[in-house]
Amino acid sequence: MTAQILAEPSSTLFANAADGWHRRDRLYTGAAIFVALLAVPMLAAAAFDARQIADVGIWVKPLKFVLALTIYLATLAWYGGFLPAAARQSRFYRLHAIAVVAAIAAALAVIAGAAAMGTISHFNQSSPAWQV
């Protein structure tokens, strides 16, 4: 059965896989593109800002997060296309997608903000605000 599904290019699996990832979930796709574009100002900041924390440029960590979260969001957009249309259009799915994108935006704001301020973003106990 599995060999038959893999051998048939007209199967649902391959029909969905042939569809472009940008058509699968617009929210995740748009967020992936936006997060990827955040690398541009961060690379510029890294080129002009020589500050370091633990002998590493302060913009390295935010850039790694941008790369990882771009891949994550693009993966969510891609695999969302394998869900039935009714599931993708459900209220639960939309609210979940909004929550994921909002959490990623908040995390990137904290990480990039900490880099801009020249401090660490994780395990920062320097003030009550950072402890939160």
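The exchange below covers helix 3 and the nonpolar core in a predicted model. Residues are numbered from 1 along each chain as its sequence is written. Local features need pLDDT of at least 70, side-chain atom pairs count only at pLDDT 80 or more, totals for chains, interfaces and linings use all residues, and side-chain values use heavy atoms, with hydrogens and water left out.

Biologist: What span does helix 3 reach from its first C-alpha to its last?

Modeller: Helices are DSSP runs of H or I, at least four residues, numbered from the N terminus. The expected span is 1.5 Å times one less than the number of residues. Helix 3 (residues 26–37) has twelve residues, and its reach is close to the expected value: 16 Å.

Biologist: Why are the buried residues on the same side of helix 3?

Modeller: Buried means under 20% relative accessible area (1.4 Å probe, protein chains only). In helix 3 that holds for Y28, T29, A31, A32 and V35. They lie on the same side because the arc they cover around the axis, taken from the directions to the C-beta atoms, is only 165°.

Biologist: Which helices do the buried residues of helix 3 pack against?

Modeller: Contact means heavy atoms within 4.5 Å. The partners are helix 4 (39–48), helix 5 (60–80) and helix 7 (91–117).

Biologist: Which helix supplies the largest share of the largest nonpolar core?

Modeller: Such a core joins buried Ala, Val, Leu, Ile, Met, Phe, Trp, Tyr and Cys residues through side-chain atoms within 4.5 Å. The largest has 21 residues, with Y28 and L108 among those with the most contacts inside it. Helix 3, helix 4, helix 5 and helix 7 each supply at least two. The largest share, eight residues, comes from helix 7.

Key. Buried means under 20% relative accessible area, exposed over 50%, partly exposed in between (1.4 Å probe, protein chains only).
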